[in-house]
Amino acid sequence: MEEAEERHQVEIKKHTEEITKMRNDFERQVREIEAKYDKKMKMLRDELDLRRKTEIHEVEERKNGQINTLMRRHEEAFTDIKNYYNDITLNNLALINSLKEQMEDMRKKEDHLEREMAEVSVQNKRLTDPLQKARDEMSEMQKQLGNYERDKQILVCTKARLKVTEKELKDLQWEHEVLEQRFFKVQQERDELYRKFTSAIQEVQQKTGFKNLVLERKLQALSAAVEKREVQFNEVLAASNLDPSALTLVSRKLEDVLESKNSTIKDLQYELARVCKAHNDLLRTYEAKLLAFGIPLDNVGFKPLETAVIGQTLGQGPAGLVGTPT
């Protein structure tokens, strides 16, 4: 342990000596560097002082040169200004004299103009009435010019409307011709339809009248036959003394026959009423068509006859809806 401590102490001492040696070396180097840079600083200061003195001398020389130049220029400018104002003074004196002469001339001209103005005023008063008259005439002519322009525009518009109206007139004339042709054609068709309709009505009237007559005669014949049979049957019953039961049987058979005949009569009456109703409906349709085509009923040439069923009143419905007579 002691040896190690001694070695440690020796190493510390050795290390301390090395540090001391290094510090001395660094201090020596610092002193050398300081001496070196002090020398350089002194040399630089001397050089800068010399340069400053040289520059100051040059600046003073330039300043003196500029001062001399400015003084020379100022003297030249002063001389120029002096000459300029001398010229202005001389010119002003000449101008004053000239203006005095001009004022005298202007005064003379003013007097002359005043005399002329008085004469012009007199002439102006003398010409006032003609001038007013001329202004009135000019105003009237301007009004006439305005009316002329307005009339001119109205004329242009009227011509344009006239062209449009002429075109519309031509179109209307063409339409009128077309309508006349169509009207003539419609009249021909109406006359042809009227002729066919009249012949059809006459034919239907003839057929309907004949059919009605046949049906009425059949109905009258059947009614007469029924009455005759009833009379004969009553006479037979009165003449024969039949058994009441047989009489009842015969009466029932007779009632059945009579009921069958009555049913046939009712059917014939219904058919007759239906045909009459169809005939009357056809007449009303015919009259309505004539009125629709503008043909008066008096111009037909005959009066259509409506048919009626004796003892019945026909309704206003269609022919197929005639009620069965009761």
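## Exposed, buried or in between

A residue counts as buried when its relative accessible area is under 20% and as exposed when that area is over 50%, with partly exposed in between. Keep that in mind while looking around this predicted model. Y84 has a relative accessible area of 48%, so Y84 is partly exposed. M41 comes out at 44% relative accessibility, so M41 is partly exposed too.

## The overall picture

Let's step back to the whole chain. The protein has 326 residues, and 9% of them are buried. Its secondary structure is quick to list: 2 helices and 0 strands. One of those helices, α1, covers residues 2-239.

What about contacts between residues at least 6 apart in sequence? Of these, 83% join residues that are at least 24 apart. As for the outside, the accessible surface adds up to about 28400 Å², and carbon and sulfur atoms account for 57% of it.

## Rings to look at

How many aromatic pairs are there? The count is 1. The partners are Y84 and Y85, and their rings meet edge-to-face, with 5.4 Å from centre to centre and 75 degrees between the planes. Y84, as noted, is the partly exposed residue at 48%.

Another ring worth finding is that of Y37. The charged end of K40 sits over this ring, 5.2 Å from its centre.

## A nonpolar patch

Which residues make the nonpolar surface patch of about 270 Å²? They are M41, L44 and L48. To find the patch, start from M41, which lies in helix α1 and is partly exposed.

Conventions: Residues numbered from 1 in each chain as written. Predicted model: local features only at pLDDT ≥ 70, side-chain atom pairs only at ≥ 80, totals over all residues. Heavy atoms only, no water. Helix = DSSP H or I, 4+ residues; strand = E, 2+ residues; numbered from the N terminus. Buried < 20%, exposed > 50% of the residue type's maximum accessible area, 1.4 Å probe, protein only. Contact = heavy atoms within 4.5 Å. Areas by Shrake-Rupley, 256 points an atom, 1.4 Å probe, with all protein chains shown as cover. Phe/Tyr/Trp six-rings, centres within 6.5 Å; stacked < 30°, edge-to-face > 60°. Lys NZ or Arg CZ within 6 Å of the ring centre and 35° of its normal. Patch = residues over 30% accessible without salt bridge, like charges linked within 9 Å, V, L, I, M, F, W, Y side chains within 5 Å. Salt bridge = Lys/Arg side-chain N within 4 Å of Asp/Glu carboxyl O.
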